[in-house]
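Please consider the model shown below. The paragraphs that follow lead from the chain as a whole to individual residues.

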Amino acid sequence: LNKLSRFVLAASLGAALLLATGCSSLGYYAQAAHGQFSLLAQARPIDDWLADPQTSERLRGKLLAVREIRRFAVEQLALPDNGSYTTYAQLQRPFVVWNVVAAPALSLTARKWCFPVAGCVDYRGYYSQQDAQQYADGLVKEGDDVQVLGVPAYSTLGWFNDPVMSTFINYPDAELARLIFHELAHQVVYAKGDSQFNESYATTVEEIGLERWLQAHHDDKLREAYKVFAGRKQDFLELLLKYRSQLEANYEGDGSDADKLRRKAEIFDALRAEYQRLKVRWGGFSGYDRWFAMPLSNAHLALVGTYHDRVPAFRELFRRSSSFPDFFTRVKALAKLD
């Protein structure tokens, strides 16, 4: 679709959303529509950036890497060959959106917000950090545990041509590839209302796609750098799963709410302490410090399993598939089930 057609489509979708949710949601959907169109308006074709003499050599190199990753995604992973990640937007903020995640004080089940197009999801997104924090503060007053999480990228599920953004362009090439494979996977299959299904599936495509991408690049330094990154990521995930399990046992066990709240505080203290020991083992790497920047709460751990719990099952499904297209067909069939 051209820009005008996309504007008409989005305006129609916006009207439908407002009719479906009532006028009280007008402010939220207005910021969402404004944020999305502002993003699209700032995006320029990658070819234009490459031809611009003002483009820095660093940015030029990263955009060339994205172009190669995009081609690999289409030719080797059967991901969509469309306009997504063929444009670049230079944003004046560290993240494209901020997601509000919330959970009750004695539960790791995330609150859900439901939308006519996306279905029910475990977060509520804002293009303004201030707006996200304001909404989060209201949930805290109601007694919820809340996290405001900066997000570098998201998928519009194929409704728009998602741009490459300054919020993630400086990632190492392997991490760039991983992110692009993940977001493009959402354009192939999306089960409305099931975040765990969608994210575990996309994580599977990301992981298998990256394995193949690394195999195709005979670059020992690149593979070693990603091996270190992946090892730290796995260590961090195992740390979170360990303490999530302890929290679940606490909430499901006997005892008064006061006892459970006291034990909850002890578990989070232990998590912080073990993270510091993990950093020493990593040689002082502090890449996950931002996760600990706010007081820890159930909201921090509510979505940990969303991206990973069903990856082994999707990997087994991929093993039984003859190709990526066959795998996508099988996942689409699953997505239609209740």
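The protein chain carries 40 positive and 40 negative charges, and the mean positions of these two sets lie 2 Å apart. The model in which these charges are placed is a predicted one. The accessible surface of the protein chain amounts to about 17000 Å², and carbon and sulfur atoms account for 54% of that area.

The overall architecture may be considered next. Twelve helices and eight strands make up the secondary structure of the protein chain. The radius of gyration is 21 Å, close to the 20 Å that the globule rule gives for 338 residues, so the protein chain is as compact as a globular protein of that length. Measured out along the principal axes, the C-alpha trace spans about 65 × 55 × 45 Å. Of the 338 residues in the protein chain, 47% count as buried. The contacts in the protein chain can also be viewed by sequence separation: among those between residues at least 6 apart in sequence, 73% join residues at least 24 apart.

An example of two residues brought together from separate parts of the sequence is found at Glu274, which belongs to helix α9, residues 257-281. Glu274 and Leu239 are separated by 35 residues in sequence, while their C-alpha atoms are 8.1 Å apart in space. When residues up to four places away in sequence are not counted, Glu274 touches Leu239, Lys242 and Tyr243.

The loop between α4 (57-77) and β2 (87-89) deserves attention of its own, and Ala78 is found in it. Most residues other than glycine have a negative phi. Ala78, however, has a positive phi, near 60°. Where does Tyr85 lie? Tyr85 is likewise found in the loop between α4 and β2, and its phi is positive, about 60°, although Tyr85 is not a glycine.

Are these residues of the loop buried or exposed, or something in between? Ala78 has a relative accessible area of 34% and is therefore partly exposed, since this value falls between the limits of 20% and 50%. Tyr85, by contrast, has a relative accessible area of 2%, and because this is under 20%, Tyr85 is buried.

Ser84 lies in this loop between α4 and β2 as well. With 1% relative accessibility, Ser84 counts as buried, because the value is under 20%. Which residues is Ser84 in contact with, leaving aside its neighbours within four places in sequence? They are Arg70, Phe160, Asn161, Asp162, Leu184 and Gln187.

The last feature to examine is a covalent link. A disulfide is a covalent bond between the sulfur atoms of two cysteines. How many disulfides does the model contain? The count comes to one disulfide. Cys114 and Cys120 form this link, and their sulfur atoms are 1.9 Å apart; the pair qualifies because the sulfur atoms lie within 2.5 Å. The angle about the S-S bond is 100°, and the link of Cys114 and Cys120 is right-handed.

The two cysteines may finally be considered by their accessibility. Cys114 has a relative accessibility of 47% and so counts as partly exposed, the value being between 20% and 50%. Cys120 has a relative accessible area of 23%, and Cys120 is therefore partly exposed too.

Technical notes. Residues numbered from 1 in each chain as written. Predicted model: local features only at pLDDT ≥ 70, side-chain atom pairs only at ≥ 80, totals over all residues. Heavy atoms only, no water. Buried < 20%, exposed > 50% of the residue type's maximum accessible area, 1.4 Å probe, protein only. Helix = DSSP H or I, 4+ residues; strand = E, 2+ residues; numbered from the N terminus. Rg over C-alpha atoms; globule rule 2.2 N^0.38 Å. Contact = heavy atoms within 4.5 Å. Areas by Shrake-Rupley, 256 points an atom, 1.4 Å probe, with all protein chains shown as cover. Lys, Arg positive; Asp, Glu negative; His and termini not counted. Charge placed at Lys NZ, Arg CZ, Asp CG, Glu CD.
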